[in-house]
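Trainee: I should like to go through the contacts between protein and DNA in this entry, setting each value against its definition.

Mentor: Please have the sequence and the structure before you.

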2 protein chains.
Amino acid sequence: MNSDRISGSKSKRDWVAESLRARIGDGSYAEGARLPTEEVLAEEFEISRNTVRDAMKVLQNEGLVVIRHGSGTYVRNNQPIVHLATSVHGYVDSERFQRGYAPHMRAAGYDQIVETVEIALDTASGARAVRLGIDPELPIAQRQVVKRICDRFVEGQLWQRQVSHFPATIAMNTELSIPQHIERGTREVLRELGYERTWSYDLVSARMPSPQERQSFGTPPGLPLIVQDRIAYSGEQPISDIQTVMPADRHQLLYAEGEVDERVLVLGSDVTLIER
Amino acid sequence: MNSDRISGSKSKRDWVAESLRARIGDGSYAEGARLPTEEVLAEEFEISRNTVRDAMKVLQNEGLVVIRHGSGTYVRNNQPIVHLATSVHGYVDSERFQRGYAPHMRAAGYDQIVETVEIALDTASGARAVRLGIDPELPIAQRQVVKRICDRFVEGQLWQRQVSHFPATIAMNTELSIPQHIERGTREVLRELGYERTWSYDLVSARMPSPQERQSFGTPPGLPLIVQDRIAYSGEQPISDIQTVMPADRHQLLYAEGEVDERVLVLGSDVTLIER
DNA sequence: AAGTGGTCTAGACCACGGG
DNA sequence: CCGTGGTCTAGACCACTTC
């Protein structure tokens, strides 16, 4: 049944992982199907259950399987949920989620799109201070920023988190420092305050979540987060740093040169443009 | 010494991981320093070595420590090598690395920038076929693509890998299907072939590397890859899908609305623009 | 209640690196 | 060489889901 392990060539763990990987690849274990139990596999491969578990962890970290406590180990469904897109010519406003994203998600059959807003006063330091045009060496009192945390829930689960930072000199004692949804968006509020956005850039990176983040997002181990930082300017003055954190299995970013047109529709119907 | 574990509140593994995390956080274990051996920690926490190892794996997956076989476990150095940027208005050509990136890396003190080129004939399927405007249902013979694999090495280590796909109808039997560096870039070759780029978009995602990729890149466990796909068009005809895969600890993508100017220099001196 | 994965142990032995 | 982490085992018991 099993191609015998060439003794010494690799560890049992890797041998088992490779065997299972092959079975998943050729469809022996179909998508979504439950794998044999650890005990059964241990017998089949004539190794201890602990070693089977090690192999399972390898597969889990590759995102091939999902292990469910008390239930079994399943071949991970291909993540067809790829979507979300943002145009560099648009503006990822901290609270326009409802207008662009939520309707799309609802159309896709998801309900219960909830958005919560929190406010915190924070001190900018390091890279974020620099991006907001604040000298990180200044005393704390002069490095204050208003932090707006916007959590988007889909079906009761955290879908993405957006943390916006505004220099306190701009946002303190304005609508921006009130923990309440702003229907017209923070960009408009900034404009009314005399800081019209004239330029912006995005920084995109990826990292693994902390244990708390993994719990918040409900993501399996081995799933990275995409982090997008959009820094906006009014002339030479940085006015906001909007950070969006998204699990990589449900999000993909789209950046288009010039106008986004119907050609991107080849990607499928799941392209959402936030703000044009 | 240790804050006693509140029995039952959490697993020993998490308790130990948390303790070590705290020590790393407050500097008890400095950056780059070696942690006590697994055996010593097992004694200190009065648990078995296996459980210590489980805790170590947790920390490793968070990117906090690096475990070196035969040597010890070390607090991971912060990766200050963040950089690389690309402008959406530029064109990430499959081989312009030398002109934009290599000089920058050399200026930063890195030497030995090597680029290798391989060619393969492949069959497009699934999402990639769709992006290249090829019906995935067509017979294999009509779904052929020329695949150009471009590996960039820095100091003998794989730094990033670029895999370009061109429809075979365009690239077959042209300079594009010869495994040799193209100094003027593939964009120019396409133009000469009558396919001038008129539009493009990027898809950015992140995922964990496969075991082979981890080995190629020499990255530690728990480090994701950033994947950028740039799809270029000539009119309505997709002409290339250039995929760049980069470890997330050494790369960050920069997308700017309008022209990139000196304002991004606040990010530091490590901003490289590939092709304007 | 039965079944499945999660935690933990004690110990043996292997593989790698330079304390 | 010695010390370090890596692999593997057999088994006990716990936690979760419901096959």
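Trainee: Which base atom of DNA strand C is in contact with a polar backbone atom of Ser71(B), and what makes this a polar contact?

Mentor: The atom is a base oxygen of DNA strand C, 3.0 Å from a polar backbone atom of Ser71(B). A polar contact is a pair of N or O atoms within 3.5 Å; within protein, one must be able to donate a hydrogen and the other to accept it, and residues adjacent in sequence count only if both atoms are side-chain atoms. The pair at 3.0 Å therefore qualifies. The model is predicted: local features need pLDDT of at least 70 and side-chain atom pairs pLDDT 80 or more, whereas totals for chains, interfaces and linings use all residues. Residues are numbered from 1 along each chain as its sequence is written, chains are lettered from A and ligands numbered from 1 in the order in which they are written, and side-chain values use heavy atoms, with hydrogens and water left out.

Trainee: Which side chain is 2.7 Å from a base nitrogen of DNA strand C?

Mentor: That of Arg49(A), through an N or O atom. A polar side-chain atom of His69(B) also lies 3.0 Å from a base nitrogen of this strand.

Trainee: What makes a residue count as near DNA strand C, and which come nearest?

Mentor: One of its heavy atoms must lie within 4 Å of the strand. There are 24 residues around DNA strand C, and Arg53(A), Lys12(B), Arg13(B), Asn50(B) and Thr51(B) come nearest.

Trainee: How is the surface near DNA strand C divided by class?

Mentor: It has two nonpolar, 14 polar and eight charged residues. Ala, Val, Leu, Ile, Met, Phe, Trp, Tyr, Cys and Pro count as nonpolar, Asp, Glu, Lys and Arg as charged, and the others, Gly among them, as polar.

Trainee: Which element gives the most to that surface?

Mentor: α3(A), with three residues. Helices are DSSP runs (H or I, at least four residues), as are strands (E, at least two), numbered from the N terminus.

Trainee: Which atoms of DNA strand D are in contact with Lys12(A) and Arg13(A)?

Mentor: A phosphate oxygen is 2.5 Å from a polar backbone atom of Lys12(A), and a phosphate oxygen is 2.7 Å from an N or O atom in the side chain of Arg13(A). Gly70(B) has a polar backbone atom 2.9 Å from a base nitrogen of DNA strand D.

Trainee: What share of the DNA strand D atoms within 4 Å of the protein belongs to sugar or phosphate?

Mentor: The share is 58%, and the rest belong to bases.
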